[in-house]
Amino acid sequence: MENELKIKVVKGGPYVVSGEFKMILPTKEEKMMSGNTFFCRCGKSKNKPFCDGAHKGTNFDEE
Ligand code: FES
């Protein structure tokens, strides 16, 4: 399916959202996102809601 949005759950890492979507921030700002967007699942990112790689220094290993 063209334009299909996919969400991949990386074991011990982020959600990888592939495709085009609109992200609405708490400030009500809307951003169009495309390509691969990495969202933090471990809670350690200093750039939430995005993953900054900080999960690699933790023992977060959820599937
Ligand atoms: S999942 Fe990568 S920093 Fe949290």
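## Charges and overall build

Start with the charges: the chain carries 11 positive and 9 negative ones, and their mean positions lie 6 Å apart. Keep in mind that this is a predicted model.

As for the fold, the chain has five strands and zero helices, so reading from the N terminus you simply get β-β-β-β-β. Measure out a box along the principal axes and the C-alpha atoms fill roughly 35 × 30 × 15 Å. The chain has 63 residues, and 29% of them count as buried.

Two more overall values are handy. Take the contacts in the chain with a separation of 6 or more: 26% of them come from residues 24 or more positions apart. The exposed surface of the chain comes to about 4,900 Å², with carbon and sulfur atoms supplying 50% of that area.

## The salt bridge

Searching the whole structure turns up one salt bridge. The partners are Glu30 and Lys22, whose side chains meet with an N to O distance of 3.2 Å.

How accessible are these two residues, Glu30 and Lys22? Glu30 has a relative accessible area of 46%, which makes it partly exposed. Lys22 comes in at 48% and counts as partly exposed too. Both values sit in the band between 20% and 50%, so neither residue is called buried or exposed.

## A nonpolar patch on the surface

Which residues make the nonpolar surface patch of about 360 Å²? They are Leu5, Ile7, Val9 and Tyr15.

Val9 belongs to strand 1, which covers residues 6–9. With 42% relative accessibility, Val9 counts as partly exposed. That value is over the 30% a residue needs to join a patch, so Val9 clears the accessibility cut-off.

## Strand 5: Thr37 and Asn36

Strand 5 spans residues 36–39, and Thr37 is part of it. Is Thr37 buried or exposed? It is buried, because its relative accessible area of 5% falls under the 20% cut-off. Leaving out residues up to four places away in sequence, Thr37 touches Tyr15, Val16, Val17, Phe21 and Phe50. One of these, Tyr15, also turns up in the nonpolar patch.

Asn36 is found in strand 5 as well. If you again set aside neighbours within four places in sequence, Asn36 is in contact with Val16, Val17 and Ser18. Val16 and Val17 are thus touched by Asn36 and also by Thr37.

For a distance along this part of the chain, try Asn36 and Gly57: they are 21 residues apart in sequence, and their C-alpha atoms are separated by 22 Å.

## Backbone spots to look at

Two places in the backbone deserve a look on screen. One is the peptide bond joining Lys48 and Pro49, which is cis, with omega at about 15°. Pro49 lies in the segment after strand 5.

The other is Lys28, where phi is near 80°, a positive value in a residue other than glycine. Where does Lys28 sit? You'll find Lys28 in the loop between strand 3 (21–24) and strand 4 (30–33). Lys28 has 67% relative accessibility, so it counts as exposed, the line for that being over 50%.

How values were computed
Residues are numbered from 1 along each chain as its sequence is written. This is a predicted model: local features need pLDDT of at least 70, side-chain atom pairs count only at pLDDT 80 or more; totals for chains, interfaces and linings use all residues. Side-chain values use heavy atoms; hydrogens and water are left out. A salt bridge is a side-chain nitrogen of Lys or Arg within 4 Å of a carboxyl oxygen of Asp or Glu. Buried means under 20% relative accessible area, exposed over 50%, partly exposed in between (1.4 Å probe, protein chains only). Helices (H or I, at least four residues) and strands (E, at least two) are DSSP runs, numbered from the N terminus. Contact means heavy atoms within 4.5 Å. Accessible areas come from the Shrake-Rupley method with a 1.4 Å probe; for residues, only the protein chains shown count as cover. Lys and Arg count as positive and Asp and Glu as negative; His and the chain ends are not counted. The place of a charge is taken as NZ of Lys, CZ of Arg, CG of Asp or CD of Glu. Patches are made of residues with over 30% relative accessible area and no salt bridge: like charges are joined within 9 Å, nonpolar side chains (Val, Leu, Ile, Met, Phe, Trp, Tyr) within 5 Å.
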